[in-house]
Amino acid sequence: MVLEIVKYGHPVLRERGARIKEVSADIRQLIDDMFETMYDSKGIGLAAQQIGIASQLTVIDVRGVTDRPSTLEIGSKPADVESIMPLVLINPKITPLGEPATGPEGCLSFPEIFADITRSEKVDVKALDAKGDPISFRAGGLLARAIQHEVDHLNGVLFVDKMTAKDKAELRAEIDDLHTATKKSLAKKK
Ligand code: ZN
């Protein structure tokens with residue numbers, strides 16, 4: 001089922017996600033729905049907060065992007081990125097490493113708003129997968145960027161928080177308009 005994506009201005013986007021204690025049937029259904037929602041919007045990542053649930057759960061799939069490479073190492077050996085796609089991360093812990101890298105980003109909770117964001121070029125990841133089994137790997141390139149963006153969501157952090165002051169000033173009106181529109185539609189629903 002395609003779920004409604006929560007837009008900037010909704011308070012759930014600022015909530016830190018609760019740890020998932022067990023990968024129940026409900027969680028498995030939620031994972032399926034999150035992938036369906038993400039593919040429907042042509043995104044490469046979606047966090048639980050973005051469908052209105054503050055949990056430590058995110059789904060990622062970078063296979064649709066061919067012009068921005070991703071890298072993967074498992075147990076210090078290069079591995080095929082596709083081998084872990086589509087990727088489910090439950091209760092992820094990440095350690096950013098390597099040089100800072102700047103690249104364009106968007107977010108499904110900020111339609112039509114894009115900016116260059118600086119993040120670490122690589123990231124070590126420990127998490128549970130969709131079965132609840134522990135996984136660990138090192139990601140680079142676009143995958144590392146997507147993981148850092150999504151794990152930020154799980155902690156209530158948004159890409160606007162990481163924009164340069166200049167970009168944020170230039171996008172101020174669009175960001176404020178989106179925030180106001182979201183607040184208005186929330187007030188109507190009450
Ligand atoms: Zn996002």
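Which residues does Asp167 touch, not counting residues up to four places away in sequence? The legends below, all for a predicted model, start with that close-up.

**View A. Asp167 and its contacts in helix 3.** Leaving aside residues up to four places away in sequence, Asp167 touches Ala115 and Asp116. Asp167 itself sits in helix 3, which covers residues 165-189. Here's the quirk: Asp167 is buried yet makes no salt bridge. Lys166 is the nearest side chain of opposite charge, and it is 5.0 Å away; a salt bridge would need a Lys or Arg side-chain nitrogen within 4 Å of a carboxyl oxygen.

**View B. The zinc ion and its donors.** Cys107 coordinates the zinc ion through SG, while His149 and His153 each use NE2, at 2.1 to 2.2 Å. Along the sequence, the donor residues follow the spacing C-x41-H-x3-H. Cys107 belongs to strand 5 (residues 87-107) and His153 to helix 2 (residues 141-154), so this pair, 46 residues apart, links distant parts of the chain. Both Cys107 and His153 are buried.

**View C. The seven-stranded open sheet.** Read across the sheet, the strand order is 1-2-5-6-7-3-4, with antiparallel pairing. Strand 1 (45-47) and strand 4 (77-78) are the edge strands, each pairing on one side only. Zoom in on strand 6 (residues 110-128) and strand 7 (residues 134-140), and you'll find an antiparallel pairing over seven bridges. One bridge partner to look for is Pro134 in strand 7, which goes with Leu128.

**View D. Helix 1 against the sheet strands.** Helix 1 (residues 25-40) lies across strand 1, strand 2 (57-60) and strand 5. Relative to strand 2, helix 1 runs at about 45°.

Definitions and conventions: Residues are numbered from 1 along each chain as its sequence is written. This is a predicted model: local features need pLDDT of at least 70, side-chain atom pairs count only at pLDDT 80 or more; totals for chains, interfaces and linings use all residues. Side-chain values use heavy atoms; hydrogens and water are left out. Donors are N, O and S atoms within 2.8 Å of the metal (3.2 Å for Na, K and Ca); water is not among the atoms, so sites may look incomplete. Helices (H or I, at least four residues) and strands (E, at least two) are DSSP runs, numbered from the N terminus. Buried means under 20% relative accessible area, exposed over 50%, partly exposed in between (1.4 Å probe, protein chains only). Lys and Arg count as positive and Asp and Glu as negative; His and the chain ends are not counted. Contact means heavy atoms within 4.5 Å. Two strands pair if DSSP finds at least two bridges between them. Axes are lines fitted to C-alpha atoms, for helices over the stretch in contact, and angles run from 0 to 180 degrees between N-to-C directions.
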